[in-house]
Amino acid sequence: MKGKKILSGMLALAMLFSVNGGIVRAENKGIDRPTDLNKDVEYFTMSDDGSEVEPTGEVENSFNQMEHPYNGSEYTIYDGKPLRQSRAVVENTDPNNAYIVTNDIVAQGTIATAGEMRWYAFQLEEKSKVTILLQMVNSLDADLYVFSLDDSKLNLIGGSGTAGAGVTEYYTQVMEAGIYFFAVGGYEGTGNYAFAYYQSSRDVENEVNDLPTLATAAEFNTDIVGVIDTPLDVDYYKVTVSSPIMMRYSLSTEASYSLTLAAKDGESAGLMSFGEDTDVYKLNPGTYYFKVESADASYSAEQEYTVNFTKLSSLSSDPAADVLGICESANIFYQTNKNGTINYVNGHEIDPSYSYYKNIQNSAGTQLYDISIDKNKIVKVLNSDSSNIKPCVAYYLSSTRPAMQVGKGPLLCLSFYGDKIYNINCIGTGAYVKNTYVGDFNSVRVLIDPNSGDLVDILDFNYFYDYEQLIGSNYISYYYGDYELTMYEMK
């Protein structure tokens, strides 16, 4: 639906008044325009034939301001039946003669006498968001007052009464089902005015969220469905994180809407992007405000959009881990430093510790198996251009001798270096003498579970998979090639 906006320079619509259930209905009708309007009224402009309205600017982020209190009369609606039949068309200077307004209507009127009030009414069949935008000529300071109908009485529930002639009044609020009235009250001066009225029952649980201070708190990994229901509607959402995370945010819609970061709050708050090749972001602790808005002032109370803030992974808050490896397709995020002496994956400190000990004796001989990785002796993770050394991601299928059981899926592959960090002391006697293998290694290549940071299995050298006497009795199944781990320096 094309966005309707009111006027720039001259009011372009009038009211066609007709009896409808006792309240006169205000309808759009293209007629000759008044000629006494100031040319500096902003935000709305209309085609000459009254068929199309285009936006020309933005209303300031201010609404429901009540600088002028309501000092009018108390009113009783006839017999408590505002929708009764048969009433002659009269001026709407009394709420009993209010003109009905319906969604997406643009209408005009005149304050002919200082202090005069012009009345309108609407009915909500269900809980809805109501928006009224009132503009006026520079010779008029008019205010907007909104009332609920309780029994036969009108009770003031809000409005917009900003001081100053020609100042736009903007009211927006979520309201329960019922009958409501609003008055355009002449606070000072006389002249023409125009208003736009919108109502929507979609997305009322999140509205009104048109300012960062009113932003809807978003839950991670949960779809939020909303609508842009007026030309001025902007929907704000906020996400708050207490420790660094990796996140993706998305907007799904057929309309010309956008989802952008509008503001952030917090001493450490910062959002880092990683170029056009990836849509993941690193968020530091803080609160982040995102807004959905229309690029061309189009709107619809029926056309929905869906936003989602997806938490991909936690990160370590260690400031020394200033290099980040991203494998988005595997959801693996590896933190280290330039020297490889600090290592985390998906927020978990990496622990490649391993210990296997078994001493078996029988009449055929002795089998002693003592294999270990001592993490206290590890100096760093090796990182070079060599494909068999640099950190990478491998897809793990299964093995017969894993350090821990995990399902098949992508794992982080790292090569650790240090002085005799990996020790194999396997000794066999009698029938098992060929099982003997003793060696100390300064490096070892392993698979790490990104969900815990713990070692899953040893790749190189693995006594059970690589030693000649045991080949065929044990195996590990994995492969490289489907994943790329891209390293970024965090500046």
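This tour moves through a predicted model, from the whole chain to single residues.

**The whole chain**

Begin with the entire protein chain in cartoon view, where one helix and 35 strands are to be found. Of its 491 residues, 50% count as buried, and the accessible surface comes to about 22,600 Å², with 44% of that area belonging to carbon and sulfur atoms. If contacts between residues with a separation of 6 or more are drawn, 72% of them turn out to join residues 24 or more positions apart.

Colour the chain by confidence next: the mean pLDDT is 84, and 85% of the residues reach 70 or more. Now select residues 1–60, over which the pLDDT is below 50, although this stretch has 174 contacts in the model beyond near neighbours in sequence. Residues 82–88 also have a pLDDT below 50, and there the contacts beyond near neighbours in sequence number 24. Where pLDDT is low, the predicted coordinates should not be read in detail.

**A four-stranded sheet**

Select strands E6, E13, E8 and E11, which form an open sheet in the order E6-E13-E8-E11 with antiparallel pairing. Its edges are E6 (105–111) and E11 (169–175), each of which pairs on one side only. Looking across the sheet, you will find neighbouring strands turned by 20° against each other on average, direction ignored.

Within this sheet, zoom in on E8 (residues 128–136) and E11, an antiparallel pair joined by seven bridges. A useful landmark is threonine 131, which stands opposite threonine 172 in E11.

Then step to aspartate 104, in the loop between strand E5 (99–100) and E6. Its phi is near 65°, a positive value in a residue other than glycine. Is aspartate 104 buried or exposed? Aspartate 104 counts as buried because its relative accessible area, 13%, is under the 20% limit.

**The E9–E10 hairpin**

Move on to strand E9 (residues 140–150) and strand E10 (residues 153–160), which pair in the antiparallel sense over seven bridges. Along this pair, valine 146 stands opposite glycine 158 in E10. The hairpin has two residues between its strands, and one of the points to select there is aspartate 151, with a positive phi near 55°. Why does aspartate 151 count as exposed? Its relative accessibility is 73%, so aspartate 151 lies over the 50% limit for that class.

**Two cis peptide bonds**

Show the backbone from glutamate 207 to valine 208, where the peptide bond is cis, with omega near 0°. Valine 208 belongs to the loop between strand E13 (191–200) and strand E14 (216–217), and E13 is one of the strands of the open sheet visited above.

For another cis bond, go to the peptide link from aspartate 460 to phenylalanine 461, again with omega near 0°. Phenylalanine 461 lies in the loop between E33 and H1.

**The largest nonpolar core**

Which residues touch the most other members of the largest nonpolar core? Select Ile371, Ile373, Leu412, Phe416 and Tyr463, which hold that place among its 33 residues. Elements that each supply at least two residues of this core include strand E24 (332–336), strand E27 (354–362), strand E28 (365–373), strand E32 (437–448) and H1. The element that gives the most is E31, with seven residues.

Centre the view on leucine 412 and display the residues around its side chain and backbone. Leaving aside neighbours within four places in sequence, leucine 412 is in contact with Ile332, Tyr334, Val345, Ile350, Cys392, Val446, Leu447, Ile448 and Leu485.

**Glutamine 469**

Finish just beyond the helix, at glutamine 469, in the loop between helix H1 (463–466) and strand E34 (476–479). Not counting residues up to four places away in sequence, glutamine 469 touches Lys434 and Asn435. Drawing a distance between the C-alpha atoms of glutamine 469 and asparagine 435 gives 6.4 Å, for residues that stand 34 apart along the chain. At 38% relative accessibility, glutamine 469 counts as partly exposed, because that value falls between the 20% limit for buried and the 50% limit for exposed residues.

How values were computed:
Residues numbered from 1 in each chain as written. Predicted model: local features only at pLDDT ≥ 70, side-chain atom pairs only at ≥ 80, totals over all residues. Heavy atoms only, no water. Buried < 20%, exposed > 50% of the residue type's maximum accessible area, 1.4 Å probe, protein only. Contact = heavy atoms within 4.5 Å. Pairing = 2+ DSSP bridges. Axes fitted to C-alpha atoms, helices over the stretch in contact; angles between N-to-C directions. Core = buried A, V, L, I, M, F, W, Y, C linked by side-chain atoms within 4.5 Å. Areas by Shrake-Rupley, 256 points an atom, 1.4 Å probe, with all protein chains shown as cover. pLDDT = per-residue confidence, 0-100.
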